[in-house]
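Visitor: Please show me the model, and explain the grounds for the terms applied to it.

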Amino acid sequence: MISFIAAILCLITGYFIYGSIAERVYKIDPSRQTPCYRLQDGVDFMPMSPKRVFLIQFLNIAGTGPIFGAIQGILFGPAAYLWIVFGCIFGGAVHDFMFGMMSLQRDGKSIPEVVSDELGRHAHIIICVLSLVLMVLVGTVFCTTPAGLLASMTSGWGSFGTTAFWIALIFVYYFFATMFPIDKLIGRIYPIFGIALLVMAAGLLYGIFVNGGGVPEVTEAFADHHPTGEIPIFPGLCITIACGAVSGFHGTQSPMMARCLTNEKYGRPVFYGAMITEGIVALIWAVAAIKFADSLDVEGATPYAKLLNLMTDNGAHGVNPALLVNAVCTSWLGTLGAILAVLGVVAAPITSGDTAFRSARLILADFIHLPQTTISRRLMLALPIFAIAIALVFVDFSIIWRYFAWTNQTLATVTLWTITVWLTKRKRCFYIAFIPALFMTLVCSTYICIAPEGLRLPHVISYSIGAFITIACLILYIRWRSIYEGKTIQ
């Protein structure tokens with residue numbers, strides 16, 4: 001339990017200390033007018049209170065990410081604590097804050113447009129395709145899971161209790177959330193769901209201290225405890241826990257809130273703060289999951305084996321963390337827990353899916369320079385996106401999820417390199433993004449070589465290729481940086 005408490009304190013301290021450093025590196029200007037006033041259009045650019053923006057940003061980037069990812073990540077062992085703490089403070093929160101502020105400075109531009117400004121036109125096209133693919137995958141995976149769970153809960157309702165019915169209903173909601181002005185649906189219901197997700201985390205935090213079961217300490221962190229051993233702890237852990245540590249999906253969400261932020265001084269609490277909050281939620285779920293599993297009386301089984309067994313669904317879903325979420329909440333929190341479990345495994349993913357589709361529309365609109373002030377123009381972009389997503393619903397869920405995870409972290413890597421270049425051009429402390437960019441380059445390049453859904457190469461070869469690609473990126477950056485010596489961009 002000492003490691004868990006220390007990890008929570010480190011995350012909170014990281015917000016005040018390292019968050020302040022990131023803020024100084026960016027050089028915020030509270031007197032500068034934000035785009036929500038200059039470009040107010042009644043649809044996407046709308047002033048909102050900082051508390052409201054924080055809650056929307058938190059739910060945008062969270063959903064079930066810090067829940068499902070953390071539960072699966074703790075199977076590797078207490079190394080998950082270290083990745084959540086250090087990944088969140090030095091990687092994910094810097095990624096979210098710096099990119100959110102860069103987007104704010106560029107009138108709320110989406111991620112491909114910002115990347116294009118820093119890395120060039122070719123990178124712009126690649127990142128646009130990568131971002132759109134990620135958004136469609138997010139919308140798809142965060143539809144099929146809640147639809148399946150809703151179908152199981154309403155199995156006696158005839159045709160209204162089928163997975164197809166719930167998928168259709170969720171997509172109808174997605175469509176309206178994508179098309180309507182941001183303050184009509186998202187702006188009204190997201191703060192409520194965001195508060196509920198925090199209440200769930202607070203309840204679980206209490207449950208961790210009052211319920212039985214052991215919690216592994218960080219002294220065991222350097223051993224791989226995963227029961228299957230299918231993927232090694234590095235880079236497997238860094239891909240499994242994305243939301244809660246480092247996630248490229250966040251970079252696609254930040255521009256939405258950059259278009260609603262009323263002052264630059266709110267950037268750190270909204271962008272850096274939401275990421276730290278998500279890290280705390282992830283840490284709570286990781287510890288709650290392993291402690292609950294350890295409390296079960298199963299002779300001869302390790303806590304990690306018991307946890308994996310709790311998540312095993314004999315149906316089509318395979319490993320399904322939603323089963324563990326339901327078991328923990330109902331056991332520790334009673335009736336309230338059951339309600340929160342439904343919120344966590346049904347409402348939360350849906351609220352991530354709708355903003356994914358909205359982000360996809362905005363990314364495509366920025367790419368082709370099409371204003372979104374009329375419904376017909378929004379329809380023109382939204383319909384093809386939804387058509388592709390609906391087709392993907394029929395693809396095996398586990399396959400979509402694995403490719404989503406790798407695409408997500410690859411996008412984070414590109415974004416961190418973009419931030420590095422932006423800081424370098426302005427003669428600022430680029431190391432704040434440069435070191436995480438190098439690390440994530442190693443993670444993503446190694447994972448695609450070693451993973452079952454990747455090239456399936458031997459470990460030694462995979463690590464060698466990952467190291468080679470990382471060193472190559474380092475050399476390219478050093479050569480590029482030499483071009484800009486002596487130049488200053490304000």
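Guide: The exchange below takes several residues in turn and sets their values against the definitions.
This is a predicted model, in which local features need pLDDT of at least 70, side-chain atom pairs count only at pLDDT 80 or more, and totals for chains, interfaces and linings use all residues. Residues are numbered from 1 along each chain as its sequence is written, and side-chain values use heavy atoms, with hydrogens and water left out.

Visitor: Why does Arg 358 count as buried?
Guide: Buried means under 20% relative accessible area, exposed over 50%, and partly exposed in between (1.4 Å probe, protein chains only). Arg 358 has 0% relative accessibility and therefore counts as buried. This residue is found in helix H14, residues 321-368; helices here are DSSP runs of H or I with at least four residues, numbered from the N terminus.

Visitor: Which residues does Arg 358 touch, not counting residues up to four places away in sequence?
Guide: With contact meaning heavy atoms within 4.5 Å, Arg 358 touches Val 43, Asp 44, Ala 177, Thr 178, Phe 180, Pro 181, Ile 182, Ile 186 and Met 256. In addition, a polar atom of the Arg 358 side chain lies 3.3 Å from the backbone oxygen of Val 43.

Visitor: Why is Arg 456 called exposed?
Guide: The relative accessible area of Arg 456 is 62%, so the residue is exposed, the cut-off being over 50%. Arg 456 lies in the loop between helix H17 (431-450) and helix H18 (459-483).

Visitor: What is notable about the phi of Arg 456?
Guide: Most residues other than glycine have a negative phi. Arg 456 is not a glycine, yet has a positive phi of about 55°. Asp 107 also has a positive phi, near 60°, and is placed in the loop between helix H5 (79-105) and helix H6 (111-119).

Visitor: Why does Asp 107 count as partly exposed?
Guide: Its relative accessibility is 28%, so Asp 107 counts as partly exposed, a class that runs between the buried and exposed cut-offs. Ser 49, at 38%, counts as partly exposed for that reason too; Ser 49 lies in the loop between helix H2 (35-38) and helix H3 (50-62).

Visitor: What joins Phe 234 and Pro 235?
Guide: Most peptide bonds are trans. Phe 234 and Pro 235, however, are joined by a cis peptide bond, with omega about 15°. Pro 235 is found in helix H10, residues 233-240.

Key
Helix = DSSP H or I, 4+ residues; strand = E, 2+ residues; numbered from the N terminus. Polar contact = N/O pair within 3.5 Å; in protein donor to acceptor, adjacent residues only side chain to side chain.
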